Amino acid sequence: MTTANAALGAAKPRRPLKIRDVFSRYKILALLLATALIWMLFGWLTDGDFLTPRNFSNLLRQTAITAMLAAGMVFVMVSGEIDLSVGSFLGLMGGVAAILDVYYQVPVAVNILIVLLLGAAVGLFNGVWVAYLRVPSFIVGLAGLLAFRGILIGMTDGATVAPVSPELVFIGQGYVPRLVGDALAVGLFVILAVVTLRSRARRRLHKLAVPPMWQVALQLLAYALGIAGFMWMLNSYYGIPIPVLNMLLILGVFSVVASRTVFGRRIYAIGGNQEATRLSGVNVRKVKMLIFALMGMMAALAGITTTARLAAGSPSAGSLGELDAIASCIIGGTSMRGGVGTVHGALIGALVMASLDNGMSMMGVETFWQMIVKGSILLLAVWVDIMTGSDR
Amino acid sequence: MSEYLLEMRGIVKDFSGVKALDGINLMVRPGEAVGLCGENGAGKSTLMKVLSAVYPYGTWEGTIRWEGRELKARSIRETEEAGIVIIHQELMLIPQLSVAENIMLGREPAGPGGFIDFEALYQRAEALMRELNMPDINVALPVSALGGGHQQLVEIAKALNKNAKLLILDEPSSSLSKTETETLLDIIRGLKARGVACVYISHKLDEVQAVCDTVTVIRDGTLVGSAPMADMTVDRIIAMMVGREMQNLFPRQSHAIGEVVFEARHVTCWDVHNPARKRVDDVSFQLRRGEILGVAGLVGAGRTELASVLFGSYQGRCEAEILLDGQPIRVRSPLDAVRHGICMVPEDRKHQGIVPLMGVGHNITMSVMSRFVRGGFIDEADEMRTVEETVRRIRIKTASPMLPIKSLSGGNQQKAVLSKMLLPRPRVLILDEPTRGVDVGAKYEIYTLIHELAAEGMAIIMISSELPEILGISDRVIVIGEGELRGDFANENLTQETIMTAAIRTDAARRA
């Protein structure tokens, strides 16, 4: 039976890589390059003010909230759904955190725990509507977008809830002590090195093409320089902001969930072909419900962080946050059709969005222009992605 | 002018260094039917995409002459205007629109102000149906109300409305029943008489033999040969396709048949969209250990619905008593079924079988992920061991188990889907059209595998529209017709005629 399908086993001849191929294969690289270009542009337009350690620290803190939403949104979108309620829900959870803190003096740790669990519970509720009651997620999200904002305004009488306790403010405005920060950075490098080497060994074990050792060394060097540069910038100001640390932790945990757990694998399978997944004996509904629960929890964390950062619970907090999160995912390579997307991509997407906000604000560009520019960039990013796509 | 309507010469199509087509010639005379044969991946579809300008002029080498002039089409629109119309394996009809609207789609007769002139629309559609000798079809009905054969007919009418001189039919009978196929072949004969040429792509060589004047065989992107059908036999075509003589299409391996393991009683289900209509009506049967049960019937008879009820995946209302080892079990979802040791390989590989962008390995292990979990995480080394073992055992040909499954040929994809449903070690395996869209070589391997599994004691239910396959593989055959059980035969001296008669029996009785 060897003659049948002989064509398949045939090895493809090597050919020179074109720039377009490199970009379609290493989308993240292209994205990082685009980010660097944006930074350089703003650095030039603001006479270097954009590139100061202080602004770098601010920029990352700005990124963190969108990134928390985007991390949850990646899973939602990879599974082929969407959640439009997260901006309003962020506001609502931020409001709950503020009320518990200001009116009931609930200790911060307990407060956070309550709000996160509440977030997961409401996310679960959304998930039941989508997965079991089969209402399209677009509609469930739209309903939540209205209802959650309504609850928030009703709960706060449309007024700001302040002043928030300093302990809660720390979650949004505090910094990691420098020594701890440095230790974490070193730890991160060690983990990256181990993971890189192990995956190389594994690929070799399965007789897959492995990059030459010098390339791996170069990659590790790039990691080291990246982390060192990152720490140097942050340490030149006050160190790692707490929200940034949270964001990085989420990045780590979510990436591992995506690649190393059954839950993560199922998310991609469902997005890739829901029917095939269901017929393989997978409880598709349960997985979807849990994805929404996770999304709710992320929105809650983003809500707490927002309240802490503003030092107040604002009835308008998180407005249009869902769109920033979705845009971040899409810029970061998540497919609207499901099945494709990465957590780190979405986080870089969030960084791009925050860079645009931050840079244009520094230049004193009016808000309406900022909105126009962000909209255009989103459109362009997706167009470029389609143009360089491998399966056109 | 040359005697040929179409002359394709020296066609070479290169996909980033891999030659999918390497110097193919294809000639078609006016009013001639040319059979294009080759295994999956031989390059048939690529050749047709070159012809219909899905790959525009300039992206391939060679020449195409159409009615004596060189054709340099850059879009499907241009080839359609020239009179070359392709009808894809998956029909491109809009189910909610009427037959007439589908036929005239994009060419609706418009009155003043851009309003559709429905009078003219229906008249034109009816005229086309008369030309196709199908005056009974109500062109005002939505397409979804028609059967697969008649839907195919709508596609052909649509092509005729575009003044097609050459029709390309890509596996037109893959979802048609025997009688529907006959209708289709008659239509093609009628078209030939009217001077319309056609290229008939099919794995079903008896159809090619029945309707084609010339046959062209390609293998691995190269031309094997082209000859008048009169000089060819099915055996010879197969030999040319696979590059060797095929001694036996169906392997035979004796296997012991044991006690009853599975029993379905009073399986009944209702249509998802039309709750008044029964799709399966009170079907009961037993299945023994090591037995291969063929399920025959016309397309649309309710075989797939029967299977999906047993597997817990039927979307509409259904009732059934299912017994495993004499104990009643509840199967309300595929998850329940897999837990009880009932697995199913669905009929529609692309939509129900594979997750196209995921790796071959990850597709295979999808059904048994929890087996590889250590402390909450997937032990990828353990998973890979299972994958490699399976790939070797089932002989899935892939350069690496990490490649996306969509890059594999149909036969290998099918073997991967089969592997996925074998990993839970089922006691009862349901195969719905296990060799659809699979080339001859891979078919043989799948048959061999089915026999091996039966020899290991697995009870197998195999639904198939290909009667030779049913007769070649099964120990016992049940026949479903219009949702009812019409026959239960031991496969001894059983003939295609017996099965067909059982499948259409009441139709015949009713007409009489």
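**Exercise 1. A charged pair in chain B**

With which residue does Glu433(B) form a salt bridge, and how far apart are the closest N and O atoms? Find the pair, place each partner in the fold, and decide whether each is buried or exposed.

*Solution.* A word before we start: this is a predicted model.

- Step 1. The partner of Glu433(B) is Arg303(B), and the closest N and O atoms of this salt bridge are 3.8 Å apart. A salt bridge is counted when the nitrogen and the carboxyl oxygen are within 4 Å, so this pair qualifies.
- Step 2. Glu433(B) sits in the loop between strand E19 (428-432) and helix H15 (440-455) of chain B, while Arg303(B) belongs to helix H9 (residues 303-310), so the bridge ties together parts that are 130 residues apart in sequence.
- Step 3. Glu433(B) has a relative accessible area of 6% and is buried. Arg303(B) is buried too, at 5%.
- Step 4. Chain B also has a salt-bridge network with shared partners, made up of Asp271(B), Arg277(B), Arg279(B) and Glu305(B).

**Exercise 2. The surroundings of Ser464(B)**

Locate Ser464(B) in chain B, classify it as buried or exposed, and list what it touches.

*Solution.* Let's go from the backbone outwards.

- Step 1. Ser464(B) is found in the loop that runs between strand E20 (459-463) and helix H16 (467-473) of chain B.
- Step 2. The relative accessibility of Ser464(B) is 1%. Buried means under 20%, so Ser464(B) is classed as buried.
- Step 3. Setting aside neighbours within four places in sequence, Ser464(B) is in contact with Val295(B), Ala296(B), Arg303(B), Glu433(B), Glu469(B) and Ile470(B). Arg303(B) and Glu433(B) will be familiar as the salt-bridge pair of Exercise 1.
- Step 4. With Glu469(B), the side chain of Ser464(B) makes a polar contact of 2.7 Å.

**Exercise 3. Chain B as a whole**

How many helices and strands does chain B have, and what is its radius of gyration beside that of a compact globule?

*Solution.*

- Step 1. Chain B has 17 helices and 22 strands.
- Step 2. For 512 residues, a compact globule would have a radius of gyration near 24 Å; chain B has 24 Å, so the two agree.
- Step 3. The C-alpha trace of chain B spans about 70 × 55 × 50 Å along its principal axes.
- Step 4. Of the 512 residues in chain B, 56% are buried.
- Step 5. Among contacts in chain B with a separation of 6 or more, 66% are between residues 24 or more positions apart.

**Exercise 4. Where chain A meets chain B**

Describe the interface between chain A and chain B: its area, the residues that take part, and the salt bridges that cross it.

*Solution.*

- Step 1. The size of an interface is often given as the accessible area lost when the parts come together. Here, about 3,700 Å² is buried between chain A and chain B, with 58% of that given by carbon and sulfur atoms.
- Step 2. Chain A brings 34 residues to the contact and chain B brings 51 residues.
- Step 3. Two salt bridges are counted between the chains, along with nine residue pairs in polar contact.
- Step 4. On chain A, helix H1 (6-9), helix H11 (242-260), helix H12 (262-272) and helix H13 (274-279) each supply at least two residues of the side that touches chain B. The largest share, six residues, comes from H12(A).
- Step 5. Sorted by class, this side of chain A holds 14 nonpolar, eleven polar and nine charged residues.
- Step 6. For a close look, take the salt bridge between Glu383(B) and Arg265(A), at 2.8 Å from N to O. Both of these residues are buried.

**Exercise 5. A salt bridge within chain A**

Why does the salt bridge between Glu81(A) and Lys288(A) tie together parts that are far apart in sequence, and how many residues apart are they?

*Solution.*

- Step 1. The whole structure contains 36 salt bridges over all chains. In one of them, the side chains of Glu81(A) and Lys288(A) meet at 2.5 Å, N to O.
- Step 2. Glu81(A) lies in the loop between helix H4 (53-78) and helix H5 (86-102), and Lys288(A) in helix H14 (residues 284-310), so the pair ties together parts that are 207 residues apart in sequence.
- Step 3. Glu81(A) counts as buried at 16% relative accessibility, and Lys288(A) is buried at 6%.

Note on methods
Residues are numbered from 1 along each chain as its sequence is written. Chains are lettered from A and ligands numbered from 1 in the order in which they are written. This is a predicted model: local features need pLDDT of at least 70, side-chain atom pairs count only at pLDDT 80 or more; totals for chains, interfaces and linings use all residues. Side-chain values use heavy atoms; hydrogens and water are left out. Helices (H or I, at least four residues) and strands (E, at least two) are DSSP runs, numbered from the N terminus. Buried means under 20% relative accessible area, exposed over 50%, partly exposed in between (1.4 Å probe, protein chains only). A polar contact is a pair of N or O atoms within 3.5 Å; within protein, one must be able to donate a hydrogen and the other to accept it, and residues adjacent in sequence count only if both atoms are side-chain atoms. Contact means heavy atoms within 4.5 Å. Buried area is the accessible area (1.4 Å probe) that two parts lose on being put together, summed over both. Ala, Val, Leu, Ile, Met, Phe, Trp, Tyr, Cys and Pro count as nonpolar, Asp, Glu, Lys and Arg as charged, and the others, Gly among them, as polar. The radius of gyration is taken over C-alpha atoms; the globule rule is 2.2 Å times the number of residues to the power 0.38.
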